[in-house]
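Hi there,

I am passing a structure on to you, together with some notes on what turned up when I went through it. Please have a look at it below, and then read on.

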Amino acid sequence: MSACPPFAPFFGFAGVASAMIFSTIGAAFGTSKAGIGITGLGTFRPDLIMKSLIPVVMSGIIAVYGLVVSVLIAGSLKAGNYPLFAGFVHLGAGLACGLTGLAAGGAIGYVGDSCVRAYVHESKVFVSMVLILIFAEVLGLYGLIVALIMNTQANVTDICF
């Protein structure tokens, strides 16, 4: 049995960074894009602003997914006994959560912007907007689930080969 490679934790920490950075970028993009639509709505119908904040809230949840995965991966990192396999799995888990968060944030931003602007003219759009936003949010949730499954698989092996 050989010692674990000293560079293995790099990949684990890269997974932590990937989950946090990419999901936060997606959440920021979704928030900004939907916020632009809300400001356009607010000039014509200020009474609809509170109902139109749903895309902004849903974008923020995407960043929470990345935070959860980052904390779990960081908690799995062990000094001295960290196999290269675990590092690669944690990197994959971080990328899975982060990149799906990036995609979900983009989808939420575009849908939120378009639907909020349409909501000014037609109130029936609201239900459709919420449904489409839920489908966009689920993209990030899928990445969270895959990352959680991958994280549990990385903790199976504690032996370095």
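Which residues form a nonpolar patch on the surface, and how much accessible area do they have together? One thing to keep in mind while you look for it: this is a predicted model.

The patch consists of Ile 21, Ile 25, Leu 95, Leu 99 and Leu 102, and their accessible area comes to about 390 Å² together. Two helices, α1 (8-44) and α3 (84-119), each supply at least two of its residues. The most comes from α3, which gives three residues. Leu 95 is a member you can use to find your way there: this leucine sits in helix α3, and its relative accessibility of 31% makes it partly exposed.

Now for the overall picture. The protein has four helices and zero strands, so if you read the elements from the N terminus on, the order is simply α-α-α-α. The C-alpha trace spans about 70 × 20 × 15 Å along its principal axes. The radius of gyration fits into the same part of the story: the protein has 19 Å, while a compact globule of 161 residues would have a value near 15 Å.

A few totals go with that. Of the 161 residues, 43% count as buried. The protein exposes about 8100 Å², and carbon and sulfur atoms supply 78% of that area. As for contacts between residues at least 6 apart in sequence, 87% of them join residues at least 24 apart.

Next, a residue on the inside. His 90 is also found in helix α3, but here the relative accessibility is 0%, and the histidine counts as buried. What does the side chain of His 90 make a polar contact with? The partner is the side chain of Tyr 82, at 2.6 Å. Leaving out residues up to four places away in sequence, His 90 touches Gly 12, Gly 15, Ile 73, Ser 76, Tyr 82, Asn 151, Ala 154 and Asn 155. If you display those side chains around the histidine, you will have its surroundings in one view.

Then there are the charged pairs. How many salt bridges does a search of the whole structure find? It finds three. Asp 113 takes part in a salt bridge with Lys 33, with a distance of 3.8 Å from N to O. That pair links distant parts of the chain, as Asp 113 belongs to helix α3 and Lys 33 to helix α1, 80 residues apart. Asp 113 also forms a salt bridge with Arg 117, and in this case the closest N and O atoms are 2.7 Å apart. Asp 113 and Arg 117 are separated by about one helical turn, because they are four residues apart in helix α3. Taken together, Lys 33, Asp 113 and Arg 117 are linked in a network of salt bridges.

Buried or exposed, where do the members of that network fall? Asp 113 counts as buried, at 10% relative accessibility. Lys 33 is partly exposed at 23%, and Arg 117 is partly exposed as well, at 39%.

Another salt bridge joins Asp 47 and Arg 45, whose closest N and O atoms are 3.3 Å apart. Asp 47 is exposed, with a relative accessible area of 55%, whereas Arg 45 is partly exposed at 32%.

Arg 45 brings me to the last residue on my list, Val 120. This valine lies in the loop between α3 and α4 (125-154). Its relative accessible area is 15%, so Val 120 is buried. What is Val 120 in contact with, once its neighbours within four places in sequence are left aside? The answer is Leu 41, Phe 44 and Arg 45. Along the chain, Val 120 and Leu 131 are 11 residues apart, and in space their C-alpha atoms are 18 Å apart.

That is what I have for now. I would be glad to hear what you make of it once you have had a look.

Best wishes

Terms used
Residues numbered from 1 in each chain as written. Heavy atoms only, no water. Patch = residues over 30% accessible without salt bridge, like charges linked within 9 Å, V, L, I, M, F, W, Y side chains within 5 Å. Areas by Shrake-Rupley, 256 points an atom, 1.4 Å probe, with all protein chains shown as cover. Salt bridge = Lys/Arg side-chain N within 4 Å of Asp/Glu carboxyl O. Buried < 20%, exposed > 50% of the residue type's maximum accessible area, 1.4 Å probe, protein only. Polar contact = N/O pair within 3.5 Å; in protein donor to acceptor, adjacent residues only side chain to side chain. Contact = heavy atoms within 4.5 Å. Rg over C-alpha atoms; globule rule 2.2 N^0.38 Å.
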